[in-house]
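Here's a quick briefing to read with the structure open beside you. Have a look at the fold, then work through the points below.

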Amino acid sequence: MNIKNITGKIILESGLHIGAGDSEMHIGGVDNPVIKDAISGRPYIPGSSIKGKIRSLLEYYMNIHMKYNTKGQPLQAKHLEDESKKIEENDKDIIKLFGTSGSDSNKHEFGITRTIFSDAHINEASVKSLELKTGQLTEIKAETAIDRVKGTALNGSLRFIERVPRGAEFNFSVSLKTFPNDDFDSLKSTLLKGFKLLTLDALGGSGSRGYGRVSIKFDDENLQKEFEDTKL
């Protein structure tokens with residue numbers, strides 16, 4: 001088995017909101033805080049959020065849910081058991097990269113999940129820059145709904161959303177495992193397409209309202225060049 005550690009930066013092109021899931025309301029506080037590291041108190045991007053977003057974008061891009069009867073679920077090994085379907089090798093890459101349910105009867109055909117997405121933590125340069133410019137690592141954005149007839153704010157619609165500001169950078173890491181029978185170039189290419197799709201979509205919540213636009217910068221110059229040349 002070979003393991004390649006892929007590292008780089010997720011750079012925010014617009015404010016990012018990944019909710020903390022904190023249902024407790026505080027008087028005078030924000031309605032929806034961002035998730036923060038329990039030790040440092042700094043915002044971070046969970047590896048599960050990166051993995052889930054890239055997987056879902058690849059599945060949409062490859063028309064997975066149209067080709068297989070997934071019933072809206074992530075592609076699993078059991079969905080490829082339909083012998084009436086023509087199985088594309090790239091479709092198998094999805095399961096190899098992101099995994100399948102342990103209860104799938106043909107899980108052994110694909111083996112263990114090839115990728116591990118680590119949590120992406122805000123880097124020290126961004127911390128210093130944000131503290132120097134704003135004195136804090138997040139911003140509060142007020143939002144409201146508009147009465148379509150009166151053209152005024154609807155009563156009770158005002159809410160305050162916490163975001164990580166544009167320009168912040170997070171260090172990310174993905175471990176890619178491959179075995180002798182794996183096509184490393186194909187798995188890497190599929191993963192790079194996922195990152196490319198991420199730059200064209202949004203990470204976190206409220207993407208349709210301008211949140212969560214990101215760019216990707218790989219630490220390896222050759223991989224960065226390959227990423228820039230990746231076509232969709």
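Helices here are DSSP runs of H or I with at least four residues, numbered from the N terminus. With that in hand, S186 can be placed in helix α5. Keep in mind that this is a predicted model. The points below go from strand β7 to the nonpolar core, then to two individual residues and the empty spaces.

**Strand β7 and its partners**

- Strand β7 covers residues 169–178, and 7 of its 10 residues are buried, so the rest of the structure largely encloses it.
- Which way do β1 and β7 run when they pair? Strand β1 (residues 2–12) pairs with β7 in the antiparallel sense, over 10 bridges.
- For a landmark in β7, look at S173, which has T7 standing opposite.
- Strand β3 (residues 115–117) also runs antiparallel to β7, joined by 3 bridges, and here I116 sits opposite S175 of β7.
- Strand β4 (residues 120–122) is another antiparallel partner of β7, with 2 bridges; I122 has F170 in β7 as its bridge partner.

**The nonpolar core**

- Which residues have the most contacts inside the largest nonpolar core? They are I45, F170, F195 and F218, in a core of 47 residues.
- Helix α5 (residues 184–200) supplies the largest share of this core, with 6 residues.
- F170 turns up twice, then: it's the β7 partner of I122 and one of the core residues with the most contacts.
- Leaving out neighbours within four places in sequence, F195 is in contact with I54, F117, F172, V174, I216, F218 and F227.

**S186, on helix α5**

- Is S186 buried or exposed? Its relative accessible area is 18%, and buried means under 20%, so S186 counts as buried.
- Not counting residues up to four places away in sequence, S186 touches N90 and D93.

**L12, on strand β1**

- L12 belongs to strand β1 and is buried, with a relative accessible area of 1%.
- Setting aside neighbours within four places in sequence, L12 has contacts with V164, P165, R166, G167, A168, F170, R213 and V214.
- If you want a distance to check in your viewer, the C-alpha atoms of L12 and N222 are separated by 23 Å, and these two residues lie 210 residues apart along the chain.

**The largest pocket**

- How much space lies in the largest pocket? About 170 Å³.
- Its lining is made up of N123, A125, S126, S129, L130, K133, T134, P165, R166, G167, A168 and E169.
- Helix α4 (residues 124–133) gives the most to that lining, with 5 residues.
- By class, the pocket lining has 4 nonpolar, 5 polar and 3 charged residues.
- Some names repeat from the L12 contacts: P165, R166, G167 and A168 touch L12 and also line the largest pocket.

**The cavity**

- There is 1 cavity of 30 Å³ or more in the structure, and the largest cavity has a volume of about 40 Å³.
- The residues lining the largest cavity are L16, H17, I18, V34, I35, P43, Y44, I45, V164 and F170.
- How does that lining split by class? The count is 9 nonpolar, 1 polar and no charged residues.
- I45 and F170 belong to this lining and are also among the residues with the most contacts inside the largest nonpolar core.

How values were computed. Residues numbered from 1 in each chain as written. Predicted model: local features only at pLDDT ≥ 70, side-chain atom pairs only at ≥ 80, totals over all residues. Heavy atoms only, no water. 1 Å grid on protein atoms, 1.4 Å probe; cavity = no way out; pocket = protein on both sides within 12 Å on 5 of 7 lines; lining within 4 Å. Points joined across faces, edges and corners; volume = space filled by probe spheres on them. Nonpolar A, V, L, I, M, F, W, Y, C, P; charged D, E, K, R; others polar. Buried < 20%, exposed > 50% of the residue type's maximum accessible area, 1.4 Å probe, protein only. Pairing = 2+ DSSP bridges. Core = buried A, V, L, I, M, F, W, Y, C linked by side-chain atoms within 4.5 Å. Contact = heavy atoms within 4.5 Å.
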